[in-house]
Amino acid sequence: MSESTEKSRGQRLIEKLEYKSANAWEKIPVREKVFQFCDGYKAFLDKAKTEREYVKEAVLLAEKSGYENLDKIIAEELPLTTGDKIYRVVKNKAIVFAIIGKKPIENGTRMLGAHIDSPRLDLKQKPIFENTDMVFLKTHYYGGIKKYQWVTIPLSLHGVIIRKDGTSLEINIGESDDDPVFTITDLLPHLAKEQMEKKLGEAITGEGLNSLAGSIPYDDKDVKEKVKLNILSILHEKYDITEEDFLSAELELVPAFKAKDIGFDRSMIGSYGQDDRVSAYTSMMAIFHIDDPEYTSVCVLTDKEEIGSIGNTGAESRFLEDFLADLCYLTSKNYSDIVLRRCLNNSVMLSADVNAALDPNYEGTHDKLNAAYMGKGIAVLKYAGARGKAGASDAHAELFANVRKLFNENDVPWHSTELGAVDKGGGGTISRYVANLGVDVLDCGAPVLSMHSPFEVTSKVDVYSAYKGYKVFLKKYE
Ligand code: MN
Ligand code: MN
């Protein structure tokens, strides 16, 4: 034994000088904890398939963890003091949590930011049409999808319809075992000669993404579109809605399958919507599992990231700034705009978003030296962007150094990555919008395979590493 463990001079020098990222499973001693945490994550994924459902479930969990609604506190003119836990819901599609820290808020906050919208198929405002005795729902896809992945799979319908009289109806069809589902058909191979010769991106068209929704005719020989009438009649009877009510609705078709373990060793998770609910859930759990932080802790979960972070629920809007302004106002004796400005400029954020894991089935997409890997822990991304870093929020070396030190000292499995090889494509996160406010921001999150597909894959050890890293950041980042 003693002979084989003796290292040569060169081996010792390699250990001292070379940087190598390790397999995270070898660094996490208690695997039970990883699996347990991921069971909670999977259950949450099944309950929160849309941004609205996420917010609703998050409020339930937050209130159980002792969080109070900030707008209620404001309305009742209650004070806000150190250790208080609060949340704010933004238009039912985004949510912010905070714990008031021991230090004054103008010393800055420690923030985690993720997004809770995912690519999907939205119903058009006039979705229903009949063709050859079948009824279809027209869709307009949301976010970057490969359209061919969304046909011939079971889809569930989620969302909200605001009726003519202003009452609101929540829709969730296709999640229970006895619910019907929806689906978009594809051509049989026997007749697909022309389709198969098309480019992958053109074989399925956007206007062709029409979902099957019924086929029984209404019993009246004088009516022209009998199947459509029958569907409208069912909808009217069951939900008290008419066709016009779809105009004031937000309905999303999402994959109907549930989150599952992948592999003989159950080491990975397959599910819809892990971009970016894996980061949203791990950040949210991180803030739920800490008490009395030095700096005010914030976790902001935004909407519309997949289409550019726009609108008043997206990261480009001012809802985060307004939330912090309220915290400054309620915790400072003499509020002025400068308190908020100082708070922002002294704040640090980990922008929690997924990373593109290297897929060995597709060579050449990544620079292997700088790729994100499955099972190597949370992936830290100094910059994203495309074509010469355009559009990137490039984290400062000083910030990277602080996070690196923090993760190393607290045994958080992590590795440094880039979003794919140079000039192969690219992307961005919410980091640049928050950086615009003066906040120091660094991107980091779990690597994902099949990103933006109906069944995205993560490694459980990376999910757990992300949770651990986010928690350490809120608790210990100086
Ligand atoms: Mn994302
Ligand atoms: Mn995305």
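Colleague: How many salt bridges does a search of the whole structure find?

Modeller: In this predicted model, the search of the whole structure finds 30 salt bridges.

Colleague: What makes Lys 124 and Glu 207 a salt bridge?

Modeller: The closest N and O atoms of Lys 124 and Glu 207 are 2.8 Å apart. The criterion asks for a Lys or Arg side-chain nitrogen within 4 Å of a carboxyl oxygen of Asp or Glu, so the pair qualifies. Lys 124 lies in strand β5 and Glu 207 in the loop between α7 (200–203) and β9 (210–214), so the contact ties together parts that are 83 residues apart in sequence.

Colleague: Why are Lys 124 and Glu 207 called partly exposed?

Modeller: Partly exposed covers the range between the buried limit of 20% and the exposed limit of 50%. Lys 124 has a relative accessible area of 23% and therefore belongs there. Glu 207, at 48%, therefore belongs there too.

Colleague: Which side chains does Lys 460 meet in a salt bridge, and at what N to O distance?

Modeller: Lys 460 meets Asp 261 at 2.9 Å, N to O. This pair links distant parts of the chain, with Lys 460 in helix α14 (residues 460–476) and Asp 261 in strand β11 (residues 260–262), 199 residues apart.

Colleague: Why is Lys 460 called buried?

Modeller: Buried means under 20% relative accessible area, and Lys 460 has 0%, so the term applies.

Colleague: How do you know that Arg 341 forms a salt bridge with Glu 321?

Modeller: The closest N and O atoms of Arg 341 and Glu 321 are 3.1 Å apart; the limit is 4 Å, so the pair counts as a salt bridge. Arg 341 belongs to helix α11 (residues 337–345) and Glu 321 to helix α10 (residues 319–331), 20 residues apart. Arg 341 is partly exposed, with a relative accessible area of 29%, whereas Glu 321 counts as buried at 6%.

Colleague: Which residues are joined into one network by salt bridges that share partners?

Modeller: The network consists of Asp 39, Lys 42, Asp 261, Arg 266 and Lys 460.

Colleague: What coordinates the manganese ion (ligand 1)?

Modeller: The manganese ion (ligand 1) is coordinated by NE2 of His 115, an OD atom of Asp 275 and, listed twice, OD of Asp 353, at 2.2 to 2.6 Å. Donors must lie within 2.8 Å of the metal, so these distances satisfy the criterion. Along the chain, the donors follow the spacing H-x159-D-x77-D. His 115 in strand β4 (residues 109–115) and Asp 275 in helix α9 (residues 274–288) are 160 residues apart and link distant parts of the chain. Both His 115 and Asp 275 are buried.

Colleague: Which residue coordinates both manganese ions, ligand 1 and ligand 2?

Modeller: Asp 275 coordinates both, and the two ions are 3.4 Å apart.

Colleague: Why is the peptide bond from Asp 275 to Asp 276 notable in its geometry?

Modeller: The bond from Asp 275 to Asp 276 is cis, with omega near 15°. Most peptide bonds are trans. Asp 276 is found in helix α9.

Colleague: Which sign does phi have at Asp 133 and at Arg 387?

Modeller: Asp 133 has a positive phi of about 60° although it is not a glycine, and Arg 387 has a positive phi of about 45°, again without being a glycine. Most residues other than glycine have a negative phi. Asp 133 lies in the loop between β5 (120–131) and β6 (134–142). Arg 387 lies in the loop between β17 (385–386) and α12 (397–409).

Colleague: Why is Asp 133 called exposed?

Modeller: Exposed means over 50% relative accessible area, and Asp 133 has 52%, so the term applies. Arg 387, at 66%, is exposed as well.

Colleague: What makes β1 and β18 edge strands?

Modeller: The open sheet has 9 strands in the order β1-β2-β3-β13-β4-β14-β20-β16-β18, with mixed pairing. β1 (68–69) and β18 (414–417) each have a single partner strand, so one side of each is left without a neighbour in the sheet.

Colleague: How do you know that β2 and β3 pair?

Modeller: Pairing requires at least two bridges, and 6 join β2 (residues 85–90) to β3 (residues 94–99), so the strands count as paired; they run antiparallel.

How values were computed: Residues numbered from 1 in each chain as written. Chains lettered and ligands numbered in written order. Predicted model: local features only at pLDDT ≥ 70, side-chain atom pairs only at ≥ 80, totals over all residues. Heavy atoms only, no water. Donors = N, O, S within 2.8 Å, 3.2 Å for Na, K, Ca; no water. Helix = DSSP H or I, 4+ residues; strand = E, 2+ residues; numbered from the N terminus. Buried < 20%, exposed > 50% of the residue type's maximum accessible area, 1.4 Å probe, protein only.
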